[in-house]
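Here is a walk through a two-chain model, going from each chain to its parts and then to the contact between the chains. Keep the viewer open as you read.

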Amino acid sequence: MSNFSKTFSSTLGKKLVMSLTGLFLCVFLIVHLIGNLQIFKADDGLAFNQYAHFMTHFPPIKIISYLLYLSIIVHSVWALILTRRNKAARPIGYAIKPKDGSIWSSRNMGILGTIIFIFIVVHMSNFWFKYHQGYTPFVEYQTNLKTGETTTRVLDASEFKEYVTYVDNGIQITQSEDLYKEVYTAFQQWWLVLFYVIAMAALAFHLIHGFQSAFQTLGWNHRKYFPIAKFVGLWGFGILIPLAYVAMPLYVFLTNL
Amino acid sequence: MSGHMNLTLKVWRQKNSTTPGKFVTYKANDISPDMSFLEMLDVVNEDLVKKTEDPIHFDHDCREGICGMCSLVINGEPHGPKRATTTCQLHMRSFADGDTIVIEPWRAAAFPVVKDLVTNRSAFERIQQAGGYVSISTGGVPDANEIPIPKPVADEAFSSAECIGCGACVAACKNASAMLFVSAKISQYALLPQGQPERYARAEAMVLQMDEEGFGGCTNTYACEAQCPKEIKVTNIARMNREFFNAELIKS
C-alpha cells in the first residue's frame, strides 16, 4: 500500500488520476447525450421519461452513476491540489507575461473547469435533485397499441404511487415522473438557457485541450494514433458534443417563444 | 556595417536570496548589432564598474550555446525572442534602436535567486544525481557496432540528449514545471540498450526527486517546447509518464 500512496502522491500520479477521471467523464458525456436526445422526439416526453426511469433504476447504471459522482469530485479536488502546487512553484511572477504560443484553453483549464462545476451543481439541483426527491410533476400516457395514438393526462401527486407500465384492453398505460415537463418548463427561462450556452462553451474549450491532453499524460503519445486523439478531441468532444447539448435548451426555448 | 543602437534596459536587481529585488533602469548606448546579448551586458557592466557601481550579475560560461549556463527572461521570453537560440547566441540585431528590454531571472521556487539574474539551479543537478546515469562496467573498449541500435532510435535518443539543462522549460512553464528537462534525461537512457539496467528505477527516482525540489506539474500547455533553445520535444514528457507508470504499476 505504501507503494501506491507514493505513486499517487507524486505529481505524475495525480496527473494520472486527472486523466483517467477526465476520460471517464468524457465517456459519460456520450451516454448522457444519446439519452437526452430523446427530448427531440415528438411524443410528449414518453421516451424521455422512460429513459430517465431506466437510468435511475437499473442497478449497473446506478453503480456507474456513483462512480460518476466520485469522478466529478476527485477530478475537481485533485485539480485544486495540483493548481495549489503549481502556484507555489512560482511565488514571484514575471513583469512581462511570457509569450509562448500555447493555446488559450490550455492555460485556463481551472477557470473553465470552475464554470463547468457550477453548471453541474445548478443542472443537478434543477433536475437530478428534484427527480430523486419526487418534486417533479407526474404524467400518465395511454397509447392505443392498434392505432399508435397516445394521449397524455397530468397526474396529481396523490394519484401517483410509483412508475408503472402495463397493457390494459389493448392500451399501453404508463404512469411516470414527468421529468420531461420539468426540463421543458425550465428551458423557457432565457437566463437559464444563456447559462447553459456559456457552460457548454466552457465545456467545449475545456475538452479541446483536455481530451487530447489526457492521452499525453497517460503517455499514449503515439506517432500514428495521437493525431486521432487530437482530431476526436477537437471535432468530437470540442465541437460536436457541446453543440448537440446546447441544441436542446435552445430548441425548447426557440420553439416556445 | 549598420549603425550602433541605443537601448533602455530594465534589469532585475536583487542583492541576495533573502532581500526583495526590484527593477533598475539602465541606458545601453552605442551597442553594435553584432554583439551577443551577453556582450551587450558586459559593456553595460564596464560602465557600472567605471562608476564604481555593482555590476549586473548574470550566469554564463561557454558562450557557444552548449553549456546551459546562460539564462535570462528577455521581454517575457526565456533566452529571448529567437527560437532555438540561447541568450549567449542571441545577437543585438534581433532588437531595434531605441528598444526597451526587460530582463528578469528564471522565476521558480526551485530556482532561488542568488543575486540579480543569477539563480541557483542545483535542483537540476540533484535530479540528475538521483538517476540520470548508467552504471558502466569498466574494462576494455567495446568494439564499434557491437550493440546494434537502429538509426531512428539513435537519432531520437540523441535529440533528447541535446538538452543542456539550462532550465528555460521551467522558466517558460506557467507552473514552473521541470518535466521537459527530466523527461529528456530519462528518455536518452530509456531508448538505448545501455540504459536498460536502471531503466525503471531511474524513472522513479528522478520523478520523485523532481517533486521533492518543488517544481510544478505539467498541464500540457507545451510552452516549454516552444521556448527550449535545444528544441526538446514534449513527446519526451509522454515517454517519461509511460516510464514512470510502468515503473510504479507494472514493473515493480
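In this predicted model, 28% of the 257 residues of chain A count as buried. For chain B, buried residues make up 48% of its 252 residues. The table sets out the two chains side by side.

| Chain | Helices and strands | Span along the principal axes | Buried residues |
|---|---|---|---|
| Chain A | nine helices, four strands | about 75 × 50 × 40 Å | 28% of 257 residues |
| Chain B | eight helices, seven strands | roughly 60 × 40 × 35 Å | 48% of 252 residues |

What about contacts that reach along the sequence? In chain A, residues 24 or more positions apart account for 76% of the contacts with a separation of 6 or more. In chain B, 70% of the contacts between residues at least 6 apart in sequence join residues at least 24 apart.

**Chain A, from end to end**

Reading chain A from the N terminus, you will meet its elements in the order α-α-α-α-α-α-β-β-β-β-α-α-α. The domain assignment splits this chain into domain 1 (2–90 + 105–137 + 178–255) and domain 2 (138–177). Between the C-alpha centres of these two domains of chain A the distance is 33 Å.

How do the two domains of chain A touch? Eleven residues of domain 1 of chain A are in contact with ten residues of domain 2 of chain A. On the domain 1 side, α3 (46–57) and α7 (179–186) of chain A each supply at least two residues. The largest share of that side comes from α3(A), with three residues. By residue type, the domain 1 side that touches domain 2 in chain A divides into four nonpolar, three polar and four charged residues.

**The sheet of chain A**

Now zoom in on the strands of chain A. They form an open sheet of four strands in the order β2-β1-β4-β3, with antiparallel pairing. At the edges stand β2 (150–155) and β3 (164–168) of chain A; each has a single partner strand, so one side of each is left without a neighbour in the sheet. On average, neighbouring strands of this sheet are turned by 15 degrees against each other, direction ignored.

In the middle of that order, strand β1 (residues 138–144) and strand β4 (residues 171–177) of chain A pair in the antiparallel sense over seven bridges. One residue pair to pick out here is Gln142(A), whose bridge partner in β4(A) is Ile173(A).

On its other flank, β4(A) pairs with β3(A), again in the antiparallel sense, over five bridges. Here Thr165(A) stands opposite Thr174(A) in β4(A). The strands β3(A) and β4(A) form a hairpin with two residues between them. In its turn, Asn169(A) has a positive phi of about 55 degrees.

Is the edge strand β3(A) covered or uncovered? It is hardly covered: the count of buried residues among the five residues of β3(A) is zero.

**Nonpolar cores**

The largest nonpolar core has 74 residues. Those with the most contacts inside this core are Cys169(B), Val170(B), Leu180(B) and Val182(B). Helix α5 (residues 179–190) of chain B gives the most to this core, with eight residues.

Leu180(B) is a good place to centre the view. Not counting residues up to four places away in sequence, Leu180(B) touches Cys169(B), Cys224(B), Glu225(B), Cys228(B), Ile232(B), Val234(B), Asn236(B) and Ile237(B). Apart from the largest core lies another core, of 19 residues. Among the residues of this other core are Ala204(A), Ile208(A), Ala214(A) and Tyr245(A).

**Where the chains meet**

How many residues does each chain bring to the contact? Chain A brings 34 residues and chain B brings 39 residues. On the side of chain A that touches chain B, the elements that give two or more residues are α2 (11–36), α4 (59–88), α5 (104–107) and α8 (190–218) of chain A. Of these, α2(A) gives the most, with five residues. The residues on this side of chain A divide into 13 nonpolar, 13 polar and eight charged.

Methods
Residues are numbered from 1 along each chain as its sequence is written. Chains are lettered from A and ligands numbered from 1 in the order in which they are written. This is a predicted model: local features need pLDDT of at least 70, side-chain atom pairs count only at pLDDT 80 or more; totals for chains, interfaces and linings use all residues. Two residues are in contact if their C-beta atoms, placed from the backbone, lie within 7 Å. Ala, Val, Leu, Ile, Met, Phe, Trp, Tyr, Cys and Pro count as nonpolar, Asp, Glu, Lys and Arg as charged, and the others, Gly among them, as polar. A nonpolar core is a set of buried Ala, Val, Leu, Ile, Met, Phe, Trp, Tyr and Cys residues joined through C-beta atoms within 7 Å. A residue is buried if 20 or more other C-beta atoms lie within 10 Å of its own, exposed if 12 or fewer, and partly exposed in between; C-beta atoms are placed from the backbone. Domain bounds come from an automatic or database domain assignment. Two strands pair if DSSP finds at least two bridges between them. Axes are lines fitted to C-alpha atoms, for helices over the stretch in contact, and angles run from 0 to 180 degrees between N-to-C directions.
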